[in-house]
Amino acid sequence: MGEGNAYLKNLPRVDDIILKIASEAGTLSETIVKRTVQEQIEKNRRRIQSGECTSVMQEQIIADVTAALEHEKRRHLHGVINATGVILHTNLGRSRLSPTAVAAVTKVAGGYSNLEYELETGERGHRCDYAESLLIQLTGAEAAVIVNNNAAALLLILDSLSKGKQVIISRGELVEIGGSFRLPDVIKSCGCELVEVGTTNKTKLSDYAERVTERTGVILKVHTSNYKIVGFTQDVAADELNGLDVPVIYDMGGGLLVPLDEYGIRGEPTVAQCVPHADVLCFSGDKLLGGAQAGIIVGRSKLVDIIRSNALLRALRIDKLTLAALEKTLEQYLFPDALSKITTLRMITEPVETQKAKAERLINLLTDKSNASIIDTTAQTGGGTLPEAKLPSIGVSINCENFSANALEAALRGNCPPIIARITNDCVVLDMRTVDENELEAISECLNCLHEKSHLKFR
Ligand SMILES: *Cc1c(COP(=O)(O)O)cnc(C)c1O
């Protein structure tokens with residue numbers, strides 16, 4: 001019997017530890033607490049067996065269990081405060097729904113609904129009929145189909161219109177979107193052959209024309225929404241491709257429904273502006289549209305009908321919660337106050353003075369205001385949209401003597417609710433453009449608490 005085994009005998013019992021950490025368990029279930037304790041004891045048993053350490057103190061195990069339980073408590077999906085200034089932050093859930101859209105989701109979520117039921121006839125109905133009619137109204141397209149995200153929309157379009165055929169695309173548009181969504185891979189996985197034309201910076205109409213044959217399925221245009229090629233460039237607009245007698249598909253990415261030019265965001269076309277130039281278009285429901293995660297396909301009836309009859313649609317359909325949110329958001333576009341009522345659009349278009357007022361209020365709420373300062377920042381739309389749009393914004397920069405910026409950033413992240421900030425020039429910056437008025441109190445409480453407990457000294 002090795003020496004280690006004698007130490008193993010000293011490992012505490014599961015029940016003893018459970019008693020000791022009862023107050024840490026909070027709302028976690030008994031099952032999870034027990035499993036966590038077992039795992040931590042087991043981990044320490046292995047440490048002894050491997051000779052990494054000889055004896056393990058009960059305190060060590062309690063500390064390990066407490067840390068593991070803290071982690072467990074924060075694992076579920078929950079709200080965070082986005083102080084990054086990135087409005088469509090992909091990792092933080094992209095678009096925030098408007099309060100009206102949230103109310104619509106809540107109503108449908110806990111009860112039965114007319115999801116696929118015709119109330120006039122008592123017969124089976126179609127879930128997306130109404131939302132699709134709103135899309136037709138808002139974009140001027142002949143027909144619309146909704147699926148669960150834009151990647152699915154593209155997949156469904158290519159599977160319906162180009163399976164076993166060639167997809168012609170410019171080399172300047174072979175993009176990768178976040179989450180390893182690479183266009184060449186998507187095209188191939190749909191059973192299409194990729195035909196690249198032109199070069200990274202220049203593609204001409206003749207480059208497309210030369211490659212059109214009877215094996216061509218579609219021409220795909222992709223809005224290079226997450227980067228910009230500048231300098232010696234040329235590309236072919238979707239409408240120029242119409243003469244080639246091949247369906248032109250346009251993946252717009254963002255899905256802007258109202259022009260934002262007067263808010264300083266120029267050059268981003270709206271869906272309605274692009275509809276006349278392509279046969280089928282697709283875009284996300286939760287980027288610039290400001291609704292729920294969805295993929296929206298609009299275009300000519302003849303082609304949209306083919307897409308709608310694809311059996312894959314059943315696997316890609318959206319659920320009722322998404323539909324409730326999307327319908328309500330689309331309805332909001334029918335009113336003149338859409339820009340102030342749809343949360344994402346409000347955040348993009350709100351004047352910088354509003355951000356300044358929030359910053360001043362936040363500083364006012366701090367017990368030690370000495371080195372929290374108001375600075376000019378640049379917010380972004382994010383989500384791979386509008387790479388050139390620089391939204392002037394205001395940040396509260398926090399500068400401390402005894403806390404590195406990294407430590408403060410981590411402490412904010414560890415708060416409940418977590419506050420996600422960024423670090424600029426060695427200071428933690430809280431950008432007000434993505435922070436709500438009603439979140440200022442939680443932020444100030446967190447900073448005041450750090451100041452008090454951890455003797456966070458503002459310089
Ligand atoms: C974001 C984006 C997609 C993917 O959209 P999801 O809704 O995330 O699936 C596809 N194409 C373009 C051009 C995009 O910008």
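A disulfide is counted here when two cysteine sulfur atoms lie within 2.5 Å of each other. By that rule, this predicted model holds 0 disulfides.

## Cysteines

In general, a disulfide is a covalent bond between the sulfur atoms of two cysteines. How far is the sulfur of C192 from the closest cysteine sulfur? The distance is 5.4 Å, to C190, so the gap is too far for a bond. C274 is in no disulfide either. Its nearest cysteine sulfur belongs to C282 and is 12 Å away.

Are these cysteines buried or exposed? The cut-off for buried is under 20% relative accessible area. C192 is buried because its relative accessible area is 7%. C274 is buried too, at 8%. C128 has a relative accessibility of 8%, so C128 also counts as buried.

C128 sits in a loop, between α6 (99-109) and α7 (129-139). Which residues does C128 touch, leaving aside those up to four places away in sequence? They are I146, I318 and L323. I146 is 18 residues from C128 along the chain, and the two C-alpha atoms are 7.1 Å apart.

## The sheet

The sheet is open and has 7 strands. Their order is β3-β11-β10-β9-β8-β4-β7, with mixed pairing. Which strands form the edges? They are β3 (143-147) and β7 (193-197), each paired on one side only. From one strand to the next, the twist averages 25°.

Three of the pairings are set out below.

| Strand pair | Sense | Bridges |
|---|---|---|
| β3 and β11 (295-299) | antiparallel | 5 bridges |
| β8 (216-222) and β9 | parallel | 4 bridges |
| β9 and β10 | parallel | 4 bridges |

Single residues show how these strands line up. A144 has V298 of β11 as its bridge partner. Helix α12 (301-308) packs on the sheet. The helix touches β3, β10 (280-284) and β11. The direction of α12 makes about 30° with that of β3.

## Strand β9

β9 spans residues 248-253. How many of its residues are buried? The count is 6 of 6, so the strand is mostly covered. In a regular strand, side chains alternate between the two faces of the sheet. Both faces of β9 are covered. V248, Y250 and M252 are buried on one side. I249, D251 and G253 are buried on the other.

The neighbours of β9 can be placed residue by residue. I219 stands opposite V248 of β9. D251 stands opposite C282 in β10. C282 also carries the cysteine sulfur nearest to that of C274, at 12 Å.

## Helices α6 and α14

Helix α6 ends before the loop that holds C128. How do α6 and α14 (320-332) cross? Their axes come within 8 Å and cross at roughly 145°. The crossing is right-handed.

From α6, the contact uses T100, A101, A104, V105, V108 and A109. From α14, it uses K320, L321, A324, A325, K328, T329 and Q332. What kinds of residue make up this contact? There are 8 nonpolar, 3 polar and 2 charged residues.

Conventions: Residues are numbered from 1 along each chain as its sequence is written. This is a predicted model: local features need pLDDT of at least 70, side-chain atom pairs count only at pLDDT 80 or more; totals for chains, interfaces and linings use all residues. Side-chain values use heavy atoms; hydrogens and water are left out. Helices (H or I, at least four residues) and strands (E, at least two) are DSSP runs, numbered from the N terminus. Buried means under 20% relative accessible area, exposed over 50%, partly exposed in between (1.4 Å probe, protein chains only). Contact means heavy atoms within 4.5 Å. Two strands pair if DSSP finds at least two bridges between them. Axes are lines fitted to C-alpha atoms, for helices over the stretch in contact, and angles run from 0 to 180 degrees between N-to-C directions. A crossing is left-handed if the near helix is turned anticlockwise from the far one by less than a right angle, and right-handed if clockwise. Ala, Val, Leu, Ile, Met, Phe, Trp, Tyr, Cys and Pro count as nonpolar, Asp, Glu, Lys and Arg as charged, and the others, Gly among them, as polar.
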